[in-house]
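Got your viewer open? Load the model and follow along, one selection at a time.

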Protein chains: 4
Amino acid sequence: MSKANGKIEVGVLGASGYTGADLVRLLAAHPATELRLLTANAHAGKPMAQVYPHLGGLDLPDLIKVEDADWDAVDVAFCGLPHGTTQEIIAGLPAALKVVDLSADFRLTDAATYAQWYGHEHRALHLQEEAVYGLTEHRRAEVKDARLVACPGCYPTAALLLLLPLVAEGLISSEDIIIDAKSGVTGAGRSVKEANLFAEIAEGIHPYAVAAHRHAPEIEQELSAVSGAPILVNFTPHLMPMNRGELLTTYVRLGEGASVEALRAALGARYDPEPFVRVVPQGAVPASRHVRGSNFCLLGVFPDRIPGRAILVSTLDNLVKGSSGQAIQNMNVMFGLEETLGLEQQPLFP
Amino acid sequence: MSKANGKIEVGVLGASGYTGADLVRLLAAHPATELRLLTANAHAGKPMAQVYPHLGGLDLPDLIKVEDADWDAVDVAFCGLPHGTTQEIIAGLPAALKVVDLSADFRLTDAATYAQWYGHEHRALHLQEEAVYGLTEHRRAEVKDARLVACPGCYPTAALLLLLPLVAEGLISSEDIIIDAKSGVTGAGRSVKEANLFAEIAEGIHPYAVAAHRHAPEIEQELSAVSGAPILVNFTPHLMPMNRGELLTTYVRLGEGASVEALRAALGARYDPEPFVRVVPQGAVPASRHVRGSNFCLLGVFPDRIPGRAILVSTLDNLVKGSSGQAIQNMNVMFGLEETLGLEQQPLFP
Amino acid sequence: MSKANGKIEVGVLGASGYTGADLVRLLAAHPATELRLLTANAHAGKPMAQVYPHLGGLDLPDLIKVEDADWDAVDVAFCGLPHGTTQEIIAGLPAALKVVDLSADFRLTDAATYAQWYGHEHRALHLQEEAVYGLTEHRRAEVKDARLVACPGCYPTAALLLLLPLVAEGLISSEDIIIDAKSGVTGAGRSVKEANLFAEIAEGIHPYAVAAHRHAPEIEQELSAVSGAPILVNFTPHLMPMNRGELLTTYVRLGEGASVEALRAALGARYDPEPFVRVVPQGAVPASRHVRGSNFCLLGVFPDRIPGRAILVSTLDNLVKGSSGQAIQNMNVMFGLEETLGLEQQPLFP
Amino acid sequence: MSKANGKIEVGVLGASGYTGADLVRLLAAHPATELRLLTANAHAGKPMAQVYPHLGGLDLPDLIKVEDADWDAVDVAFCGLPHGTTQEIIAGLPAALKVVDLSADFRLTDAATYAQWYGHEHRALHLQEEAVYGLTEHRRAEVKDARLVACPGCYPTAALLLLLPLVAEGLISSEDIIIDAKSGVTGAGRSVKEANLFAEIAEGIHPYAVAAHRHAPEIEQELSAVSGAPILVNFTPHLMPMNRGELLTTYVRLGEGASVEALRAALGARYDPEPFVRVVPQGAVPASRHVRGSNFCLLGVFPDRIPGRAILVSTLDNLVKGSSGQAIQNMNVMFGLEETLGLEQQPLFP
């Protein structure tokens, strides 16, 4: 693609988060990339293996400050930085550099919505307009031509892969869509907070950010776009004692004339050509452990006892299909590679 | 109450299940009871401490077959037997013996509903009529006079403590009540199944018995009774990696003229005099780990982003308030004791 | 004992740690105590239930700063403060106040050893001399008359209950005693560190503080005292994914003429009268889950395949027998109460 | 290598165990193999994805009975069958077929030792003589020429990679080698036993098979061979709440004139050329989570506080380097492939 050895030269900004570590894990096995640059300001100067000993078998560049990065050395930058920060750093990158952003900074297209949910005015509005929302299976053509791709949040990925085709085809009502989400703790990153201590999480479950999670407006933006009318959803996440994975149980009313079978058939047809999204067979149940460590997303459709309603389930690994894996999938598209390249690991179970 | 030392003499039928073990744990600390009889046919002849080493510090009668039990020795029998079996054994007990049943056998009052959900005709219909549904906080007076109390299932306890007052007062719509439940694995008992192996449960979550769980008709029976009209609910349980505890997130439409504040106020007022049910303060969130090992049930009320809707949360320890604890609470009422006797342990956290 | 209602008035200093919370859990159920005072400088002004919602069912005094405590209001102070701090605060308490210290400050009797392992000179050496090492089963008489009791560390409690009788009777060699310890994470307290995050602990195990844990000199001090000669031990702790509990597997050489049976018999005889320490039956295996939440310590003795050696196992709940429970046991002794008062909860399993 | 497409055609016997599933996971990504045959008598006729839904994204042959296998279709058979069974089935395979056995059947070279530990006479003694003990790093040349490779047990792999070089060079005493092992539950396979239920494992730890585990004679056989004199070891395994991984803490006396530094240096030098075995840097600590899902084994060397002793740590994923991964590594050697082929996945952390 680019440099001498024909490999894409890659930089990872914010490599010390769990998302950064999973990017490195996956990119190290990617046949068409070469890791050139890892930044992590709080750990600058350290080898990556000191921050993540499980990567000690790899030959990696040391962590440096983002200010010290040599942008000429790379063809693409993955940004796993905290929101807010990202905007300014990306705005300062060379215009030719392709960027796959894993933060929330360029997901919301409406400046007011961004400001409302993130608590400050956006600092790179011109880029927000340029950015493509990187839900690969639904934006492949735009991603292909994009310079800046904003990868969806982990919850929106699981929600939208499930709901977009159903809303688009009118198979479900757009009213009272209720999304009950259960997530492992890596969704919160490696941030050191009392709430994320082992003893605060093990052997228990609780909802959090009830009716106030930032992924709700993101889901709504995309559903509204295909619906043609504004959609409000209930999105209620719960934190549970597992490392990776999230499972969303979504409760919907069937659209006019639609049936549970029609929903299953529509999703089956829509995702049949897709390598990473799969509707489980009738009688089977999606389980988060069945996608652990992989780029797969599983979908399930069930009848409700209440007539006219359906129960929908979607599950993925928040660090892979919900973050690093989807980011690499987008990179593959942006560079004209086979979309599955470097992403064919099977799930790790048990 | 009865024999020489003034203590209530107690038998536990089916003492080798987790529910039986938790009954023993709690009754051993109960100041007004004496454990006289423990049955477990598969383990007859063994000391309880061989089946449950954690109870090795107690002086307990050995396990015997239920056929070998001397019913004259006890004032009350707790039945923790599998459904079906229970009917016949209880039908054969002396008429004077008080019975607190923890199985599903006498919960459903409609014979056809029982047969539909449990796969066989009921074998002790006359007792089904006599049995009182032992949701203590809502049936105290009937429990007081009952000979046979059918303790509610763990999920129905958490659902009904939350919903009964709201449905009764018309504060929520009785349509489209959606109950998303998350449970630890002890709800499945100590039965040896592949699905309950550690490696099948740890690090994951999945729904089960989707739209087909036997606790749904139980919830519906009680809600319909207070509503005066048949109510169908969505009840979707999920299995997650923890031992004890369940948390239900219930999605409802507000009743005519009702508000989220009215719901919280109604529950607060209803349970203010109750020792075991508590509405968490505004801003706090019920968590299953905050009731572990105790007889408490916590309730929470939250506004939904979708206007006219609310998000309700209830949580309890399935083996205590959802089973053994509530059974003892009922026994206390049946024998005219202080209702909290033997049930005042604080939750074990972490 | 003291004030109007005849109850012992209790203060807990450092109530916001897990040890403090477990003290409150247990003292709330203690029939002879009344909680008067809770300090936690970082949370002063808050209700305890805000810091520990699982205690929301109790009527407790709000948290205050230690500087604001009214010492006249209490008969005994439990100190769950970080080491170092404790020395100065305890030195400033009224001389009449009984003190049960759960920190490491008064455990080591040798000032140089303290300075070597804790990194600073001791600041209250006169109290160090007065303090009684509160391993109740072995120091009952001294604890009874003590004003200041230094409760043993959790690991030393499990190690010494096992080893003291065997070393004292010469049943094991005092050379090459190897203690491999496995602990849940609450041993590290509620301190907010990356190493204690759920995702860093779940699904894994690792040793820590190899050959450098502060509990080693404490174990050695007590073993040396009964042996009459200095003893060095190997003590290697491991951190594993559970909340509570620790299990020590100790590898020893049999003493001259001793047999595995003699070891088992000696421990059995020594602890037969003790309510909280129990040797498991031959063929059974101590498991940490069998003591969870209780004040019990279980011991096991096994032959080694290598002739002349034995494998010893001890397990307890680090927050109860290893900390808060033993502290209350000591208070019971100090105040002439029944030693088991408030400590008779059975283990919570599963 | 063989058939038309140049790929090695592979059969997996006993594909329904966790080891079988992990073989399939890894072989599916192996560039030089094609899965032709999967047997699982209890599940014959089912698609693999029904038994292991996480493999639902693969195109696999259905499960068949071992009796129905067409051996001409494959070049190599991996046997993941229960011990005992294996002997007879392997004895009946075509003589030209290469076999990589993951059971215990051909590990012990002494017939009497086998009979003593496995409770029956060996039924294929002639094969036992032919079999090569497949600890790849130490038997590479013999594995290369072998038809039948007996892969080491998971514990022996972790113990021997650590101890063989040290015993061979006399750097440690061969007396009183004490191996304290901690393992996740997949080591017990998918067998449905009460002891493996989630609720029996979570939140606890206990030793098992104390001084009676079948991996002890296997470790002793190999250590004795390099030592030239019989060695007895203490091997004490513990079961802990995690899926994958095992960590061994081994306590040894230094050999005459040896130092901790010499041990570390010897291991470093021995494994420097090896792709899968790594000595962690001084100051770092091996952790089982740092090898999860990978074929790596990490070693650590620490000084003991007791002079003349050392603490050694080794860790690996029992299902990969301890079983399926090492089996594939052996296959690579047997077929003259690059040894790391198909085994280069990085560990999955968190």
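Select chains C and D: turning chain C by 180° with 0.0 Å of shift along the axis lays it on chain D at RMSD 0.0 Å (a least-squares fit on C-alpha atoms of residues with pLDDT of at least 70 in both copies). The pair is thus related as by a two-fold rotation axis. Now click C:Pro241, whose C-alpha is the one in chain C nearest that axis, at 3.4 Å.

A word on ground rules: this is a predicted model, where local features need pLDDT of at least 70 and side-chain atom pairs pLDDT 80 or more, while totals for chains, interfaces and linings use all residues. Residues count from 1 along each chain as written, chains are lettered from A and ligands numbered from 1 in written order, and side-chain values use heavy atoms, without hydrogens or water.

Next, pick residues 18-28 and 320-334 of chain C, helices H1 and H11 (DSSP runs of H or I, at least four residues; strands are E runs of at least two, all numbered from the N terminus). Their axes come within 9 Å and cross at roughly 45°; axes are lines fitted to C-alpha atoms over the stretch in contact, with angles from 0 to 180 degrees between N-to-C directions.

Hop to chain B and show its open sheet of 7 parallel strands, ordered S3-S2-S1-S4-S5-S7-S6 (strands pair if DSSP finds at least two bridges between them). S3 (63-64) and S6 (132-133) of chain B are at the edges, so one side of each lacks a neighbour in the sheet. Zoom in on S5 (98-101) and S7 (148-150) of chain B, joined by 3 bridges; B:Val100 sits opposite B:Val149.
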